[in-house]
Amino acid sequence: MDKEKPRLARLTAILTQLQSKRIVTAKDIAEKHNVSVRTVYRDIRTLEKSGIPIVTEEGKGYSIMEGYKLPPVMFTQGEANALITVEQLIRKNKDQSLTEQYESAVTKIKSVLNYDQKEKTELLTNRIQVRNNRENKKTSKYLIQLQSTISNYQTIKINYLSLENKQSQRKIEPFALYTTQDNWILIAFCKLRNDFRAFRLDCIQKIEILNGHFEPHKMTLQEYLEKCSEKYKDTPDTPLAQGQSTFALNHKI
């Protein structure tokens with residue numbers, strides 16, 4: 001009986017993993033749970049025999065049939081504590097949309113906690129304090145909207161006021177986001193410059209989503225950052241050489 005417990009825990013974790021993404025590969029599952037791919041195949045068959053409608057997409061991976069609902073996920077106390085800690089960190093983030101959407105999400109998460117966990121998380125909420133951004137200043141409000149345009153490949157038009165106080169209007173294809181020194185940076189392909197550019201979210205004054213969608217760019221964020229690093233690595237006085245952000249180098253609008 002004791003030998004079955006690890007597998008039972010793994011099967012439950014695999015179900016959670018399948019719910020978390022559109023599609024999950026056998027390799028992803030194997031790496032996460034430190035088992036062989038052959039073991040994953042057996043686990044998937046076990047779940048299917050128990051009545052879970054798992055869809056297998058040849059050459060891609062597994063997913064749960066659309067519309068099928070599993071019982072609410074129960075959190076361990078450690079997982080609940082981690083969520084509360086992240087809540088305090090995000091409250092100090094300078095993007096208003098991120099703060100609002102996370103607080104809405106974590107409220108729903110708290111609703112599935114048991115009474116004992118709720119009492120403990122309420123106590124923990126009052127015992128954690130994040131000291132940066134003490135005034136809780138919000139400098140941008142477009143992070144969540146821009147995340148949507150990235151995942152949906154939507155071209156947008158922005159009104160932008162640069163740090164040099166220069167006003168411009170650009171049509172761009174949002175590519176990626178990263179944060180550095182409390183500022184969110186949007187990397188996007190600029191139609192005017194016909195090249196990738198970096199835009200600070202706190203400098204974006206207005207966003208307009210345009211009709212149509214653009215073709216996904218054949219590059220990852222890591223490849224983009226490595227390309228920037230390679231371009232400037234031999235320039236000793238650049239911010240990148242001093243360990244600062246690629247944004248300082250790439251912020252040519």
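A salt bridge is taken here as a side-chain nitrogen of Lys or Arg within 4 Å of a carboxyl oxygen of Asp or Glu. In this predicted model, eleven salt bridges are counted by that rule.

One of these joins the side chains of Arg7 and Asp43, with an N to O distance of 2.9 Å. The contact connects distant parts of the chain, as Arg7 belongs to helix H1 (residues 4-20) and Asp43 to helix H3 (residues 37-49), 36 residues apart. The two partners were assigned to separate accessibility classes: Arg7 is partly exposed, at 25% relative accessibility, whereas Asp43 is buried, with a relative accessible area of 1%.

Asp43 also forms a salt bridge with the side chain of Arg10, at 2.7 Å from N to O. This pair again links helix H3, which holds Asp43, to helix H1, which holds Arg10, across a separation of 33 residues. Both Asp43 and Arg10 are buried.

A further salt bridge lies within helix H4 (residues 77-91) and involves Glu87 and Arg91. Their side chains meet at 3.1 Å, N to O. Because Glu87 and Arg91 are four residues apart in this helix, about one helical turn separates them. Glu87 is buried, at 3% relative accessibility, while Arg91 is partly exposed, at 30%. Glu87 and Arg91 also belong to a network of salt bridges that includes Glu103 and Lys110.

Note on methods. Residues are numbered from 1 along each chain as its sequence is written. This is a predicted model: local features need pLDDT of at least 70, side-chain atom pairs count only at pLDDT 80 or more; totals for chains, interfaces and linings use all residues. Side-chain values use heavy atoms; hydrogens and water are left out. Helices (H or I, at least four residues) and strands (E, at least two) are DSSP runs, numbered from the N terminus. Buried means under 20% relative accessible area, exposed over 50%, partly exposed in between (1.4 Å probe, protein chains only).
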